[in-house]
Amino acid sequence: MVNVGIVGATGYAGEELIKILLRHPGVKITYLSAKIDKPIPISEIFGYLKGRLEIICELPDYKRMASLCELLFMALPHTVSMEMVPYLLKENLKIIDLSADYRLRDIKNYEKFYNVKHKSPQIIKEAVYGLPELYREKIKKAKLIANPGCYPTAGILGILPALIADLIETDSIIIDAKSGFTGAGRKPDLNNIFSEVNENLKAYKVNIHQHMPEIEEQLSRFSKKKIKINFVPHLIPLNRGILETIYLKKKDKKLEVKEIISVYKRFYKKEPFIRIYEEKKFPQIKDVLYTNFCDLGFYTKAGEDLLIVIVAIDNLLKGASGQAVQNFNIMYGFNERESLL
Ligand SMILES: NC(=O)c1ccc[n+]([C@@H]2O[C@H](COP(=O)([O-])OP(=O)(O)OC[C@H]3O[C@@H](n4cnc5c(N)ncnc54)[C@H](OP(=O)(O)O)[C@@H]3O)[C@@H](O)[C@H]2O)c1
């Protein structure tokens with residue numbers, strides 16, 4: 001039994017972690033924390049936990065984290081965990097950090113896109129980027145996991161097989177991304193109240209979104225080429241789910257969709273959470289909701305430049321907490337699917 005804590009337990013990602021970990025046979029939740037005025041039973045915040053999890057949620061306390069837990073899930077806004085993690089690693093805790101604080105190796109990009117000075121840059125190189133499809137072997141031995149962002153999870157998984165197989169040009173990648181508004185977190189903000197989001201569709205942070213450098217860094221690292229992308233995120237009036245339509249330019253116009261599908265099938269051959277669609281079938285958000293799956297579909301024709309990849313995930317599961325538990329399962333040698341299927 002692994003004793004785990006969740007910091008940021010009252011947020012959307014924290015809540016999903018509680019739900020998954022409660023049904024995990026190898027886990028005991030021993031500590032919950034958030035930025036709250038006074039300690040309060042978690043079942044008073046989430047009523048459905050009454051009689052199932054009677055733990056007090058409290059303000060972060062390093063000593064209690066270290067004495068009660070072996071591993072911590074940090075589901076905090078970015079810039080918060082970079083202050084806490086150095087102390088926690090010294091206490092020999094393992095960390096799965098869902099924020100962006102340790103995702104970017106390029107500190108300059110972190111500081112530029114998150115508009116803040118990094119407080120523990122010396123630790124960044126210790127962090128393993130927690131995308132199991134790419135880094136499973138490193139995740140097994142990791143002490144600190146930088147769990148990927150939601151848009152990057154879909155974008156990287158959608159592009160990488162074609163890039164590695166050298167099927168696409170690298171100067172014309174376009175990601176048109178759409179996210180439900182739990183992606184913005186639970187904290188109230190005028191931009192994500194119901195009357196602003198409902199019956200509306202809008203683009204935001206066009207080609208300046210903080211997830212762009214994360215996607216570019218991972219694609220560049222893996223392909224050993226300098227990759228630039230164009231990225232247009234949109235907010236859609238749904239609670240959860242991400243759909244990305246990715247436009248790529250084929251190097252060889254003759255390639256048919258069947259050949260593309262077989263490249264992706266080979267690349268993700270043993271992956272438990274990747275589902276590849278056959279020709280003329282395309283993923284949709286409702287088929288991945290409340291699951292840890294990443295669904296991929298393809299369009300191209302022989303004689304055309306264009307390759308379209310469509311990717312769907314649940315932002316709170318494969319895009320956040322599901323992926324975090326997938327990483328946990330890998331770190332501790334559990335079946336990777338445990339509590340996720
Ligand atoms: N939402 C997604 O789809 C998604 C996807 C991928 C990654 N992520 C990442 O996951 C992290 C959490 O996201 P979220 O959507 O769950 O955010 P959220 O709903 O805003 O939750 C943030 C949590 O952190 C707590 N918190 C804030 N400041 C704190 C502090 N100084 N000390 C202790 N606790 C503090 C909040 O407590 P109070 O509620 O009491 O303020 C809340 O429990 C973020 O870094 C986000 O980028 C989110």
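How many residues surround the ligand, and which are the closest? The shell holds 29 residues, and the closest are Thr10, Ala13, Lys35, Leu76 and Arg186; a residue counts as near a molecule or strand if one of its heavy atoms lies within 4 Å of it. The model is predicted, so to read it note that local features need pLDDT of at least 70 and side-chain atom pairs count only at pLDDT 80 or more, while totals for chains, interfaces and linings use all residues. Residues are numbered from 1 along each chain as its sequence is written, and side-chain values use heavy atoms, with hydrogens and water left out.

The shell around the ligand divides into 15 nonpolar, 10 polar and four charged residues. Here Ala, Val, Leu, Ile, Met, Phe, Trp, Tyr, Cys and Pro are nonpolar, Asp, Glu, Lys and Arg are charged, and the others, Gly among them, are polar. Helix H1 (12-22) and helix H11 (317-332) each supply at least two residues of this shell; helices (H or I, at least four residues) and strands (E, at least two) are DSSP runs numbered from the N terminus.

Backbone atoms approach the ligand at several points. One ligand oxygen is 2.6 Å from a polar backbone atom of Leu76, and a ligand oxygen is 2.8 Å from a polar backbone atom of Ala13. A nitrogen of the ligand is 3.0 Å from a polar backbone atom of Thr182. Of the 910 Å² of accessible area that the ligand has on its own, the protein covers 82% (Shrake-Rupley method, 1.4 Å probe).

The model also contains two open sheets to follow. Strands of a sheet pair through backbone hydrogen bonds, either parallel or antiparallel; two strands count as paired if DSSP finds at least two bridges between them. One sheet has eight strands in the order E3-E4-E2-E1-E5-E6-E8-E7, with mixed pairing. Strand E3 (40-41) and strand E7 (128-129) stand at its edges with a single partner strand each, so one side of each is left without a neighbour in the sheet. Within this sheet, strand E2 (residues 27-33) pairs with strand E4 (residues 56-58) in the parallel sense over two bridges, and Ser33 has Glu58 of E4 as its bridge partner.

The other sheet has seven strands, ordered E10-E11-E9-E12-E15-E14-E13, again with mixed pairing. Its edge strands, E10 (202-203) and E13 (274-276), each pair on one side only. E10 and strand E11 (residues 229-235) run antiparallel and are joined by two bridges; the bridge partner of Lys202 in E11 is Leu235.

Notes: Polar contact = N/O pair within 3.5 Å; in protein donor to acceptor, adjacent residues only side chain to side chain.
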